Amino acid sequence: MLSAALLGVACAPKGPQAIPTDKAVEAKVEKVLKGMTLEEKAGQLVQLNISVLEDGTREAIDPAKLEKIIGQYKVGSILNVMHDAAHSREQTAAMVRQIQEKSMEAIGIPCIYGLDMIHGATYLTDGSFYPQEINLAATFNREYARMMGRAMAYETRAAQVPWVFSPVMDLGRDPRWPRLWESYGEDPYLQAEMAREETIAIQGEDPNHVDLEHCAVSLKHFIGYGVPVSGKDRTPAIIAQNDLREKFFAPFLECFRAGALTAMVNSASINGIPTHANAILLSGWVKEELGWDGMFVTDWADIDNLYVRDHVAATKKEAVAMGINAGIDMIMDPYDPECVTAIVECVKEGAISQSRLDDAVRRVLRLKVRLGLFDKPVWDYSYPEFGSEQFAKESYAAALESEVLLKNNGVLPLKEGARILVTGPNANTLRALNGGWSYTWQGNADAYVPQYKTIFQALFDRYPGKVAWVPGVVYDHNNWQKDFAINIQQAKDAARNMDVIVCCVGENSYCETPGNMDDLNLSANQKELVKALAATGKPIVLVLNEGRPRLIGDIEPLASAVVDVMLPSNFGGTALAALLSGDENFSGKLPFTYSKHINALHTYDYKVSEHRETMDGSYNYDAVMDVQWPFGFGLSYTSFEYKNLVVSADTFNAADVLRVSVDVTNTGARAGKEAVLLYSSDLVASLIPDVKRLRGFEKIDLEPGQTKTVTFEVPASALAFVGADGRWRLEKGDFRLSCGGLSALLTCTETKVWDTPNI
């Protein structure tokens with residue numbers, strides 16, 4: 001039997017309420033709700049794509065369409081950009097103002113406009129871009145998540161848009177999945193820490209009163225979206241219930257507790273249940289357990305998918321009722337305002353109760369009140385930091401710390417005066433450096449940002465007169481998965497007269513389902529280019545510019561150095577030139593496991609029984625999977641030594657906080673930054689334990705010879721796991737903490753089982 005919360009009736013949360021109730025906010029919500037008609041309530045629950053308002057030019061709003069959508073259907077939200085193309089801050093603001101004026105005139109309730117701002121103000125032609133989330137994760141530096149969140153909110157709000165569909169929090173635990181690069185990587189703790197910082201930076205410290213320099217977030221995609229069985233976007237996942245709670249829910253839990261105002265729902269299904277129809281997850285885990293009074297919005301046309309694709313509903317109306325009753329508060333039905341009519345009919349027929357309707361409308365209105373839209377549906381504010389030099393400096397610094405040196409046989413740093421051939425399909429494109437959600441959905445950055453430098457241009461400027469470019473292979477920009485070998489022989493011939501080859505390979509930009517693929521191997525043409533260049537005997541610096549780790553096991557031995565820049569955005573080429581030249585030092589580390597074999601796609605926290613050396617039943621916690629490079633791996637031009645790992649006590653119980661310190665020394669000849677990572681291992685457990693789990697990270701900078709002591713505080717409860725009965729448990733027995741090759745054993749002296757579903 002469903003609980004009161006699942007039926008749309010308020011009840012006390014099982015723990016502290018995620019967002020404290022503000023009486024003034026609630027009074028305003030109730031006042032507005034009381035005066036609304038059924039049709040107005042239904043309209044507030046629908047979000048349409050801006051295309052339904054476009055005139056024939058696709059660059060302006062058609063007044064007649066605006067009257068229909070807002071005046072007749074009373075739609076409460078609009079999203080996206082016209083013509084799938086970025087516009088300036090001024091153009092965007094003017095468009096939103098026109099919509100808001102109509103909404104206030106027609107129904108007296110402001111519209112809420114939302115945009116997919118993923119790595120900065122990425123749908124504004126004049127906005128500031130930061131590296132993609134996967135790169136920020138590689139910095140292991142929370143500060144960059146805060147920086148990006150603040151700039152994203154500030155510049156988006158400057159365009160009169162108060163809502164961003166960010167941060168992306170899907171654990172990137174399957175490299176086949178085409179949206180891995182949108183996430184903060186494969187680890188729940190890293191994802192939670194970075195996403196929480198971004199959430200607070202976007203919204204500000206008070207979610208009940210979001211000011212004109214901040215926006216509402218939309219956490220996405222709740223939940224388990226990133227591990228489809230097929231590896232293809234928007235396809236079903238099978239996830240063990242304990243993993244769903246322990247690992248996949250963890251980042252969302254952190255952000256809900258940090259005040260996240262909205263969340264977008266996973267387009268696919270988990271264990272046979274479409275997430276948009278999963279009342280246990282939407283209403284149970286979040287609204288009931290956390291007392292969360294925010295708003296769930298669907299992803300693109302996903303209510304339709306309940307009957308068109310998933311066949312759990314027979315009709316549109318049945319799907320609408322199913323989703324809203326499960327906990328959906330706003331339906332992103334991009335092209336069909338008749339969704340409003342369907343909601344009205346469902347309420348009249350009793351398929352949606354009046355209480356559930358009003359609960360959903362309250363959540364939409366509460367969001368708009370918290371954003372101040374009733375008082376200021378549009379606003380006059382100067383935003384002097386828009387497109388500022390400070391934001392640009394932050395983006396460049398993030399790119400520097402995110403690019404990962406994976407191999408170096410002495411060829412790097414590049415010598416002054418060296419003759420350099422730059423080649424490969426990723427050598428002279430900003431599109432590939434930015435990835436998707438950059439100016440356009442699929443990321444056509446080359447059409448917008450001639451002022452930034454590609455890898456070739458940046459190296460050409462750094463080594464004047466010494467750099468030549470021959471592409472060798474080029475992309476088909478009409479099909480991101482295709483590339484063409486156009487002059488591999490010319491590249492090979494040019495290499496013979498050079499001292500070193502910088503070969504830039506990887507992927508063109510893509511996003512969502514168009515990024516689905518059937519082979520994780522790097523393309524045959526690109527591998528052929530590397531092999532041809534290797535035949536010259538000249539050292540190769542292999543630069544990987546990709547949204548997910550493409551398999552390169554057969555060509556990696558041919559390279560003298562390997563750098564994974566991932567998707568570092570507009571300053572990525574300039575940052576790489578500074579790193580390759582030695583003007584700056586590498587400090588990035590992989591936020592995912594770089595797999596070596598197509599049938600061995602592992603994550604670092606695999607079960608001890610998965611490793612071949614443990615198949616005889618013996619435990620070997622030092623065993624390493626056969627991967628190309630492990631999670632957390634990254635080289636530097638200097639070296640670091642770890643000493644004196646000290647834990648506050650060698651025994652503990654569930655109420656304790658473990659204090660762990662370690663001394664880190666720069667033993668090399670130049671300054672460097674080091675991401676210090678702390679792991680735990682549960683040596684014996686009632687469920688097969690993970691080999692290790694990340695429990696802390698800190699980024700430090702050290703001069704040559706300098707030592708710093710890094711201290712972590714780890715609540716003992718963080719070492720708990722979700723058992724077979726679905727309850728959190730910390731079990732009596734031995735644990736190991738490890739950091740930088742050092743380890744310490746300690747013992748839990750009691751078994752503690754929590755009744756609360758969230759600890």
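Biologist: Which residues in α19 are buried?

Modeller: Keep in mind that this is a predicted model. Helix α19 covers residues 572–581, and it is mostly covered, with nine of its ten residues buried. Those buried residues are Gly572, Gly573, Ala575, Leu576, Ala577, Ala578, Leu579, Leu580 and Ser581.

Biologist: What do the buried residues of α19 pack against?

Modeller: We've just seen that nine of the ten residues in α19 are buried. Helices and strands both turn up among their partners. The list runs α14, α15 (430–434), α16 (455–462), β16 (500–506), β17 (540–545) and β18 (561–564).

Biologist: Let's take α14, then. Is α14 parallel or oblique to α19?

Modeller: Helix α14 spans residues 389–402, and its axis lies 9 Å from that of α19. The two helices pack at an angle of about 50°. Angles under 35 degrees count as roughly parallel, and 65 to 115 as roughly perpendicular. The angle therefore makes α14, relative to α19, oblique.

Biologist: And is the crossing of α14 and α19 left-handed or right-handed?

Modeller: This one is about how α14 passes α19. The crossing is right-handed.

Biologist: How many residues of the contact of α14 with α19 are nonpolar, polar and charged?

Modeller: On the α14 side you have Tyr396, Ala399 and Leu400. They meet Gly572, Thr574, Ala575, Ala578 and Leu579 in α19. Sorted by type, the residues of this contact come out as six nonpolar, two polar and no charged.

Biologist: What phi does Gly582 take, just after α19?

Modeller: Gly582 comes just after the end of α19. Its phi is positive, at about 90°.

Biologist: Let's move to the other helix pair. Is α1 oblique or perpendicular to α13?

Modeller: Helix α1 covers residues 23–34, and α13 covers residues 354–370. They pack at an angle of about 125°, with their axes 9 Å apart. Roughly perpendicular is 65 to 115, and roughly antiparallel is over 145. So α1 sits, relative to α13, oblique.

Biologist: How many residues of the contact of α1 with α13 are nonpolar, polar and charged?

Modeller: From α1 come Val25, Glu26, Lys28, Val29, Glu30, Val32 and Leu33. They meet Asp358, Val361, Arg362, Leu365, Arg366, Val369 and Arg370 in α13, at a right-handed crossing. The residues divide into seven nonpolar, no polar and seven charged.

Biologist: What separates the C-alpha atoms of Glu30 and Arg362?

Modeller: Glu30 lies in α1, and at 33% relative accessibility it counts as partly exposed. Along the chain, Glu30 and Arg362 are 332 residues apart. In space, their C-alpha atoms are separated by 7.6 Å.

Biologist: How many disulfides does a search of the whole structure find?

Modeller: A disulfide is a covalent bond between the sulfur atoms of two cysteines. Cys255 is in no disulfide, and the nearest cysteine sulfur, that of Cys215, is 16 Å away. The sulfur of Cys511 is 20 Å from the closest cysteine sulfur, also in Cys215, so that is too far for a bond. For the whole structure, the number of disulfides found is zero.

Biologist: Is Cys511 buried or exposed?

Modeller: Buried means under 20% relative accessible area. Cys255, at 0% relative accessibility, is buried. Cys511 is at 0% relative accessibility, so it counts as buried.

Biologist: Which residue does a cis peptide bond join to Pro167?

Modeller: Most peptide bonds are trans. Pro167 lies in the loop between β4 (163–164) and α7 (188–203). Omega is about 0° here, and the residue joined to Pro167 is Ser166.

Biologist: Where is Pro413?

Modeller: The peptide bond from Leu412 to Pro413 is cis, with omega near -5°. As for its place, Pro413 is in the loop between β11 (404–408) and β12 (420–423).

Biologist: Is Lys74 buried or exposed?

Modeller: Lys74 is in the loop between α3 (63–72) and β2 (77–79). Its phi is positive, about 60°, although it is not a glycine. With a relative accessible area of 17%, Lys74 is buried.

Biologist: And is His311 buried or exposed?

Modeller: His311 has a positive phi of about 60° too, and it is not a glycine. You'll find it in the loop between α10 (302–308) and α11 (316–326). At 60% relative accessibility, His311 is exposed.

Terms used
Residues are numbered from 1 along each chain as its sequence is written. This is a predicted model: local features need pLDDT of at least 70, side-chain atom pairs count only at pLDDT 80 or more; totals for chains, interfaces and linings use all residues. Side-chain values use heavy atoms; hydrogens and water are left out. Helices (H or I, at least four residues) and strands (E, at least two) are DSSP runs, numbered from the N terminus. Buried means under 20% relative accessible area, exposed over 50%, partly exposed in between (1.4 Å probe, protein chains only). Axes are lines fitted to C-alpha atoms, for helices over the stretch in contact, and angles run from 0 to 180 degrees between N-to-C directions. A crossing is left-handed if the near helix is turned anticlockwise from the far one by less than a right angle, and right-handed if clockwise. Contact means heavy atoms within 4.5 Å. Ala, Val, Leu, Ile, Met, Phe, Trp, Tyr, Cys and Pro count as nonpolar, Asp, Glu, Lys and Arg as charged, and the others, Gly among them, as polar. A disulfide is a pair of cysteine sulfur atoms within 2.5 Å.
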